[in-house]
Amino acid sequence: MADGEPIQIMGAGLSGLAAATILAKAGREVHVHDIRDDSGARFDGDFQALENWSMDVDFFDQLVEWGFDISEFKATEFQVVDLIHPDDEITQAKSPKVSYRIVERGTSSHTIDQGIKRQALEAGVKIHYKSRVKEEDCQVIACGPKGTSAVAYGEIFHTDHPNHIGFQLNDKLAPGAYSYLIIIDGVGLICTCLWRKQKKSERFLNETIAWYENHYPNLNRKPIKRVGGKGDFTINRNYKQDGRYYVGESGGLQDFMWGFGMRMAVWSGVLAAKDILGECDYEQEVRTQLMPYVRTSVANRWLMNRVGDGMFKRMCRAWMKDQKKRGDGLVWIGKLFKPTFAKRILYRLVSPFMLEKDSKAMGRGVRRMPFRKAKKRDVWQQSKQAEEIGKQWDAIRRGGGKTSFQDDSDSATISDK
Ligand SMILES: Cc1cc2nc3c(=O)[nH]c(=O)nc-3n(C[C@H](O)[C@H](O)[C@H](O)COP(=O)(O)OP(=O)(O)OC[C@H]3O[C@@H](n4cnc5c(N)ncnc54)[C@H](O)[C@@H]3O)c2cc1C
């Protein structure tokens with residue numbers, strides 16, 4: 001790519017805008033194209049967590065070092081989480097440090113998407129919404145998920161409950177994954193993640209909401225909308241090919257175990273921009289800075305796929321025991337995410353069986369974690385309370401309540417108006 005040529009970026013999400021901002025600040029002409037009508041529209045008010053345990057460096061320090069203004073979006077810090085065991089015991093995981101930050105995704109001005117977008121525009125980036133471009137015509141591919149490896153469904157509601165976070169390991173309510181409750185300043189989210197493909201998946205959300213209603217009786221939940229989306233987990237042979245950089249979820253750069261992806265999205269966007277500016281080698285940096293964590297998460301996911309509530313309970317106990325010993329709950333969870341020799345070996349052994357080739361990936365050697373099949377134990381009858389919650393939502397939907405995610409296809413969320 002010649003120095004003066006405009007740079008075309010496909011996708012105005014976190015990774016695309018991060019790359020665009022760095023490039024524009026360096027004086028390059030940058031055009032970002034997005035098929036939706038705004039950045040963050042894919043998420044529509046969803047709360048997401050920026051974990052702060054997997055790496056020694058704080059992500060917000062990294063953002064500042066890369067030149068981003070972190071006061072441009074709202075981030076709520078937490079040092080404690082209710083850890084909900086599969087047998088419904090609730091303990092608290094805590095740390096003297098910031099354990100994670102909750103940000104909102106979407107089109108409201110305080111969301112991380114809009115905060116980064118403002119910085120991109122200020123740097124001179126030209127963003128073209130509702131713009132369809134070809135992958136071949138772009139230098140940075142940042143368009144989020146293509147395939148589906150897992151899904152998450154959530155309900156956003158008004159509440160008068162104080163700020164609170166709950167994280168639940170329960171294989172019935174969240175097959176192969178976890179559910180969570182997030183409450184920030186009068187707005188709550190109850191979400192369940194499905195790492196196994198299900199029929200009638202709404203029953204998992206209804207039952208999860210029923211569970212939280214029973215165990216957090218002061219929620220006083222007034223539903224607003226339902227949100228969610230799919231996650232695409234891939235390992236790529238090449239992250240840069242034919243002059244194109246694959247960043248964020250388009251490059252599969254996410255945590256396979258639990259789906260954390262925002263940090264790697266921004267990070268990979270920054271690295272791609274630096275390569276274009278001649279400051280680093282993207283392929284090399286992705287391999288040294290990000291892939292050890294991605295590979296570890298593949299090994300973790302493989303292990304998770306093999307266990308159920310019995311092992312989840314043992315994990316919760318081990319976490320709490322370690323926290324008591326060290327006085328810091330972040331150490332145990334941090335170790336789970338950090339690369340080790342054993343996890344590297346496990347990755348090598350299991351990844352050929354766990355990942356499937358994507359023949360449509362323009363020869364980049366993409367291998368995807370398939371959406372796994374349901375297990376026999378995933379078939380159960382909704383409780384009466386969950387059925388009522390489903391009916392309550394149907395009534396709200398009929399009255400105009402929005403669902404930003406109807407099925408497993410990304411295109412389902414894109415209006416062609
Ligand atoms: C329900 C849910 C909950 C999640 N929770 C967390 C969490 O708590 N913590 C965490 O770290 N991560 C979480 N993730 C993952 C995280 O959202 C992603 O890893 C991250 O957003 C990826 O950033 P990206 O820039 O690759 O994609 P995005 O931020 O999704 O941006 C992609 C953009 O590309 C656009 N686009 C799509 N197709 C095209 C096309 N053909 N042409 C042009 N533009 C296109 C889209 O409209 C979108 O604006 C969650 C994901 C989901 C679905």
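What share of the contacts in the protein with a separation of 6 or more comes from residues 24 or more positions apart? In this predicted model, such residue pairs make up 73% of those contacts.

**View 1. The whole chain, with its 10 helices and 19 strands.** The radius of gyration comes out at 21 Å, close to the 22 Å that the globule rule gives for 417 residues, so the protein is as compact as a globular protein of that length. Lay the C-alpha trace along its principal axes and the spans are about 65 × 55 × 40 Å. As for what's tucked inside, 48% of the 417 residues count as buried.

**View 2. An open sheet built from 7 strands.** Read across, the strand order is E6-E5-E11-E12-E13-E10-E14, and the pairing is mixed. Strand E6 (90–94) sits at one edge and strand E14 (222–231) at the other, each pairing on one side only. From one strand to the next, the twist averages 20°.

**View 3. Strands E12 and E13, side by side in the sheet.** Here we zoom in on E12 (residues 179–184) and E13 (residues 187–194), which run antiparallel and are joined by 6 bridges. To pick out one pairing, find isoleucine 183: its bridge partner is glycine 188, in E13.

**View 4. Helix H4 lying across three strands, E10, E12 and E13.** Which strand does H4 run at about 130° to? That's E13. The helix itself covers residues 202–215, while E10, another of the strands it lies across, covers 150–158. These strands also belong to the open sheet of View 2, where E10 comes between E13 and E14 in the order.

Notes
Residues are numbered from 1 along each chain as its sequence is written. This is a predicted model: local features need pLDDT of at least 70, side-chain atom pairs count only at pLDDT 80 or more; totals for chains, interfaces and linings use all residues. Helices (H or I, at least four residues) and strands (E, at least two) are DSSP runs, numbered from the N terminus. The radius of gyration is taken over C-alpha atoms; the globule rule is 2.2 Å times the number of residues to the power 0.38. A residue is buried if 20 or more other C-beta atoms lie within 10 Å of its own, exposed if 12 or fewer, and partly exposed in between; C-beta atoms are placed from the backbone. Two residues are in contact if their C-beta atoms, placed from the backbone, lie within 7 Å. Two strands pair if DSSP finds at least two bridges between them. Axes are lines fitted to C-alpha atoms, for helices over the stretch in contact, and angles run from 0 to 180 degrees between N-to-C directions.
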